[in-house]
Amino acid sequence: MQFGRYFEEFEVGAVYKHWPGKTVTEYDDHLFCLITMNHHPLHLDAHYAGETTDFGKNVVVGNYIYSLLLGMSVADVSGKAIANLEVESLRHIKPTFHGDTIYGETEVLDKTESRSKDDRGVVYVETKGYKQDGTVVCVFRRKVMVPKRSYGEARGGEQPGRPEPKV
């Protein structure tokens, strides 16, 4: 199973559809909020959300959706990354609610060889997250430094650092 890509494997215009999707539970949302100390009642207090917001129910915190999509993209995009260089933009388009299932896909917008080191390059990608009905909920663009194949081969190939079992 492939885990990330080398620089040579990225093609501008390619779209990677991340699989599987993830159904967001109330537990996921609340745990993320508590871990990150985001105690806004829109995310944690069903009575507040039901009585005082236009949504009428809790909204999943947007940074959880972003983090979920980022994680979904690792196997296709950044599994071999040397570094995540920047998140250029992050837009929360529509709300996500408990019980929604999130799917993601990433398009390669550009790729540039490194000027300082010949064993790597920078890939510029856009990831879109959408719900089970196709509604886009989150879009972000980022730049990832990825190795060329020569970098990987010099450091142990496809599974660097993996030990052999001792019999």
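In the predicted model, lysine 17 and glutamate 105 form a salt bridge in which the closest N and O atoms are 3.4 Å apart. The two residues belong to distant parts of the chain: lysine 17 sits in strand β1 and glutamate 105 in strand β3 (residues 101–113), with a separation of 88 residues. Lysine 17 is exposed, its relative accessible area being 60%.

Strand β3 also contributes glutamate 113, whose side chain meets that of lysine 148 in a salt bridge with an N to O distance of 2.6 Å. Lysine 148 is located in the loop between β5 (136–147) and α5, whereas glutamate 113 is part of strand β3; the pair therefore ties together parts that are 35 residues apart in sequence. The relative accessible area of lysine 148 is 12%, and this residue is classed as buried because the value falls under the 20% cut-off.

A further salt bridge joins arginine 149 to glutamate 9, with 3.7 Å between the closest N and O atoms. Because arginine 149 lies in helix α5 (residues 149–154) and glutamate 9 in the segment before β1 (15–23), this contact ties together parts that are 140 residues apart in sequence. Both partners are partly exposed: arginine 149 has a relative accessible area of 32%, and glutamate 9 has a relative accessibility of 29%.

The three pairs described here, lysine 17 with glutamate 105, lysine 148 with glutamate 113 and arginine 149 with glutamate 9, are among the seven salt bridges that the structure holds.

Terms used: Residues are numbered from 1 along each chain as its sequence is written. This is a predicted model: local features need pLDDT of at least 70, side-chain atom pairs count only at pLDDT 80 or more; totals for chains, interfaces and linings use all residues. Side-chain values use heavy atoms; hydrogens and water are left out. A salt bridge is a side-chain nitrogen of Lys or Arg within 4 Å of a carboxyl oxygen of Asp or Glu. Helices (H or I, at least four residues) and strands (E, at least two) are DSSP runs, numbered from the N terminus. Buried means under 20% relative accessible area, exposed over 50%, partly exposed in between (1.4 Å probe, protein chains only).
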